[in-house]
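Hi,

Here is the structure we talked about, so you can open it alongside this note. My run through it follows below.

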Amino acid sequence: MQFFLPNGAATITVQHALYGTDASSSWELWAQPQTACNCDKWTKVGSTVFTTSSTLQAAAFTANIPGAVKFEIRKTSGGAARLNIDDFAVTPFGATLPSVDNSHLALGNPSGATADPSYPNNYLLDKPQYAVSYSRDRGTPNWVSWHLDASDRGSVGRQDNFRNDTSLPDGWYQVQSSSYTGSGFDRGHNCPSADRTSTRENNSATFLMTNMIPQAPNNNQKTWANLENYGRTLLPDNEVYIIMGSYGVGGSGSNGGTTTTIDQGRVTVPNRVWKVLVILPVGDNDAARVTAGTRIIAIDTPNINSLSEQWGDYRTSVDAIEAATGLDLLSALPLEVQAVVEAKVDNGPTN
């Protein structure tokens, strides 16, 4: 842009597609607020976008910049491949934000995951029950994100139908239900079975192996089970946005010692397991309702058998998890809200 928008920017929507038969590309949105010194300082807005379709799709960004501002789009990969950019729309600062409710990615896509097989270690599986950034080379999710409210809970029993995920791209190894057998590690859910008991289909989806990590039994069955159970006690008055992931290499299961991989090297055993819960009273326009006072629980545990059963012992900040993983969590929140809530360590009740 060669000019400043005088009324600032709350949100930006950009329609994007491949140009003709050109290859996929990635791009970013950058903003420059107008300053008294006319300083040429640009700031990236939101996550990197991967354009993979020849059909126009919308990419949405939250800026919440109050003063005059201009934008530019920076292409970051794809060489000479061209992009079709259309309908660059800005909602002025202070305008009522559009409602984004109950989407598993309403608070952001932590790694800019995309459903493009060219990015095999940050591949987006956007399912009705949860969203996954999957790593083909690790054979596990990088993170899983989901929304939880009372409507997700019902009387359906645990299906226990662990199985490979046939929705992965052709040629990718599909982790099997038997891949963890004899390893000393549980098939540890990211999105828990008990968070999806409204229908058999929803519960069954949690048993796909793309939703699993090799998790030390006591870590899975005690510490993490206690946190999962606590999250569900917050219903029905609240709704919860949850992101869980793992990182590093090497955990200690029931067989003792440190194990780095299982399934003949095709599944990496993580060293750490983390989770973030954003707790909101039931309502609309969820991302816009997160404030500096919103309770956010972040924990990061070692993937070992000899750990405390009290999940509260492992509380940390979102900032610390981001520093350890390189992710951008809660990126859909206004920057000034992120700065406050991501730095805090929760000290609320644990049961």
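Let me start with the inside. The largest nonpolar core has 40 residues, and those with the most contacts inside it are Tyr130, Tyr134, Trp146, Tyr180, Ile297 and Ile299. By nonpolar core I mean a set of buried Ala, Val, Leu, Ile, Met, Phe, Trp, Tyr and Cys residues joined through side-chain atoms within 4.5 Å. Buried is under 20% relative accessible area, exposed is over 50%, and partly exposed is in between (1.4 Å probe, protein chains only). At least two residues of this core come from each of β7 (123-126), β8 (131-135), β9 (140-148), β11 (212-215), α2 (217-233), β12 (238-247), β15 (272-281) and β16 (296-302). Those labels are DSSP runs numbered from the N terminus: helices are H or I with at least four residues, strands are E with at least two. There is also a second, separate core of 25 residues, which includes Ala106, Tyr247, Val290 and Leu330.

Before going on, two notes on the model. It is a predicted one, so to speak of local features we need pLDDT of at least 70, and side-chain atom pairs count only at pLDDT 80 or more, while totals for chains, interfaces and linings use all residues. Residues are numbered from 1 along each chain as its sequence is written, and side-chain values use heavy atoms, with hydrogens and water left out.

If you want one core residue to click on, try Ile299. Leaving aside neighbours within four places in sequence, Ile299 is in contact (heavy atoms within 4.5 Å) with residues including Trp224, Leu227, Trp274, Trp311 and Tyr314.

Now the sheets. One is an open sheet of six strands in the order β7-β8-β9-β12-β15-β16, with antiparallel pairing. Two strands pair if DSSP finds at least two bridges between them. β7 and β16 are the edge strands, each pairing on one side only. Neighbouring strands here are turned by 15° against each other on average, direction ignored. Between the antiparallel strands β12 and β15 there are 10 bridges, and Gly245 stands opposite Trp274 in β15. Helix α2 packs on this sheet, touching β9, β12, β15 and β16, and its direction makes about 10° with that of β15. For such angles, axes are lines fitted to C-alpha atoms (for helices over the stretch in contact), and angles run from 0 to 180 degrees between N-to-C directions.

The other one is an open sheet of three strands, ordered β4-β1-β6, again with antiparallel pairing. β4 and β6 stand at the edges with a single partner strand each, so one side of each is left without a neighbour in the sheet. The twist averages 20° from one strand to the next. Strand β1 (residues 9-18) and β6 run antiparallel and are joined by seven bridges, and Ile12 stands opposite Val90 in β6.

On to the rings. A search of the whole structure finds six aromatic pairs. Rings of Phe, Tyr and Trp (its six-membered ring) pair if their centres lie within 6.5 Å; planes under 30 degrees apart count as stacked, over 60 as edge-to-face and the rest as tilted. Phe71 and Phe88 have ring centres 5.9 Å apart and planes at 50°, so that pair is tilted. Phe71 is in strand β5 (residues 69-75) and Phe88 in strand β6 (residues 83-91), 17 residues apart. Phe71 counts as buried at 1% relative accessibility, whereas Phe88, at 33%, counts as partly exposed. Another pair is Tyr123 and Trp172: the centres are 5.0 Å apart and the planes at 65°, so this one is edge-to-face. Tyr123 lies in strand β7 and Trp172 in the loop between β9 and β10 (186-189), so the pair ties together parts 49 residues apart in sequence. Both Tyr123 and Trp172 are buried.

Two arginines also sit over rings (CZ of Arg, or NZ of Lys, within 6 Å of the ring centre and within 35 degrees of the ring normal). Arg74 lies over the face of Trp30, at 3.9 Å from the ring centre, and Arg187 over that of Phe162, at 3.6 Å.

Last, some backbone oddities. Most residues other than glycine have a negative phi, and most peptide bonds are trans. The bond from Leu235 to Pro236 is cis, with omega near 0°, and Pro236 lies in the loop between α2 and β12. Asn64, in strand β4 (residues 57-65), has a positive phi of about 50° and counts as buried at 14% relative accessibility.

Cheers
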